[in-house]
Amino acid sequence: MDLTQTEEDYLEAIYSIIKEKGYVRVKDIAEELGVRPPSVSEMLAKLRDKELVKYEKYSGTTLTKRGEKIGRSIKTRHNTLKRLLQIILVPEDIAEKNACDMEHHLDPKTIEQLTKFVQFVERAPPNPKWLEHFEIYCKTGDVPECDRKG
Ligand code: FE2
C-alpha cells in the first residue's frame, strides 16, 4: 500500500504510544508529533478510510491488524537507523530526528543490510577495536595503527 510519509509517521506514533500506555488519545498523538489536535482528527479519519485505524470520536483510537503491522515495521526501522547513527557517533538528538527522516526513504534491501550490520556490531565483543579507532579518527583525523598481527 502506498502511504505518505505523514501517514507512516502517524502509524508509527500511534503504535509507540499504545505500546507504552496501552491506549492513545488525540492529545497524545498531537503532542508526540508536534501538531494540533484538529490535524490529528483529520488524519485519523483518513487512516480510518484506509482501514488502518479504528477511530471513534469519543471512545478512542486503535490500530487495525494492518495498521499495527505497518506501525511496528516503521518503529523497528526507526530503532535500527537510530542505533546505526549512534554507532557512528551521531549525537542522540540528531540520531533520533534523522532516523525519522530516513525510515521512509530506504529500500527494504538497504534496511535489511543495515539491520544485519547493527546486529553484527552489537554482537561483537564490547568496544570492538575498529570502533575505538573510528572514534579516535573522528577526534583527531589519524587512523591508529592496527596492533594485531597477521
Ligand atoms: Fe520515526
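Six donors count as octahedral if opposite donors are over 155 degrees apart and all others between 65 and 115, and anything that fits no named geometry is irregular. In this predicted model, the six donor atoms of the iron ion make angles of 53 to 151 degrees, and the site is irregular. The mean pLDDT of the chain is 91, with 95% of residues at 70 or more.

**Iron site**

- The protein donors of the iron ion are two OE atoms of Glu12, ND1 of His78, SG of Cys100 and two OE atoms of Glu103.
- These donor atoms lie 2.3 to 2.5 Å from the iron ion.
- The site is irregular because its angles run from 53 to 151 degrees, whereas an octahedral site needs opposite donors over 155 degrees apart and all other angles between 65 and 115.
- Along the sequence, the donor residues follow the spacing E-x65-H-x21-C-x2-E.
- Glu12 in helix H1 and Cys100 in helix H5 (residues 92–102) are 88 residues apart, so this pair of donors links distant parts of the chain.
- Glu12 has a relative accessibility of 6% and therefore counts as buried, the cut-off being under 20%.
- Cys100 has a relative accessible area of 25%, which means that it is partly exposed.

**Helix H1**

- Helix H1 spans residues 5–21 and includes Glu7; Ile14 is also found in helix H1.
- Glu7 counts as buried because its relative accessibility is 4%.
- Beyond its neighbours within four places in sequence, Glu7 is in contact with Asp2, Met43, Lys46, Leu47 and Lys50.
- Ile14 is buried, with a relative accessible area of 0%.
- With neighbours within four places in sequence left aside, the contacts of Ile14 are Val24, Ile29, Leu44, Leu47, Val53 and Leu63.
- Leu47 is among the contacts of Glu7 and also among those of Ile14.
- From C-alpha to C-alpha, Ile14 and Thr4 are 15 Å apart in space, and they are ten residues apart in sequence.

**Helix H2 and the loop after it**

- Helix H2 covers residues 26–33, and Asp28, Ile29 and Ala30 in this helix are buried.
- The buried residues of H2 pack against H1 and against helix H3 (37–49).
- Ile29, buried in H2, is one of the residues in contact with Ile14.
- Gly34 follows H2 and has a positive phi, near 65 degrees.
- Arg36 lies in the loop between H2 and H3, and its relative accessibility of 56% makes it exposed.
- Arg36 and Asn98 are separated by 62 residues in sequence and by 22 Å in space, C-alpha to C-alpha.

**Positive phi outside glycine**

- Glu51, in the loop between H3 and S1, has a positive phi of about 60 degrees although it is not a glycine.
- Glu51 is exposed, at a relative accessible area of 54%.
- Leu89, in the loop between H4 and H5, is not a glycine either, and its phi is positive at about 70 degrees.
- Leu89 is partly exposed, at a relative accessible area of 42%.

**Aromatic pair and cysteines**

- The chain has one aromatic pair, formed by Phe117 and Trp130.
- The Phe117 and Trp130 rings are 6.3 Å apart centre to centre, with 50 degrees between their planes, and the pair is tilted.
- Phe117 belongs to helix H6 (residues 108–123) and Trp130 to helix H7 (residues 129–140), 13 residues apart.
- Both rings belong to partly exposed residues: Phe117 has a relative accessible area of 34% and Trp130 one of 42%.
- The count of disulfides is zero.
- Cys138 counts as partly exposed, at 45% relative accessibility.

**Confidence by element**

- Among the elements of the chain, helix H4 (residues 65–87) has the highest mean pLDDT, 96.
- Strand S1 (residues 53–56) has the lowest mean pLDDT among the elements, 86.
- Where pLDDT is low, the predicted coordinates should not be read in detail.

Notes: Residues numbered from 1 in each chain as written. Predicted model: local features only at pLDDT ≥ 70, side-chain atom pairs only at ≥ 80, totals over all residues. Heavy atoms only, no water. Helix = DSSP H or I, 4+ residues; strand = E, 2+ residues; numbered from the N terminus. Buried < 20%, exposed > 50% of the residue type's maximum accessible area, 1.4 Å probe, protein only. Contact = heavy atoms within 4.5 Å. Donors = N, O, S within 2.8 Å, 3.2 Å for Na, K, Ca; no water. Tetrahedral: all angles 85-135°; square planar, octahedral: opposite > 155°, others 65-115°. Phe/Tyr/Trp six-rings, centres within 6.5 Å; stacked < 30°, edge-to-face > 60°. Disulfide = S-S within 2.5 Å. pLDDT = per-residue confidence, 0-100.
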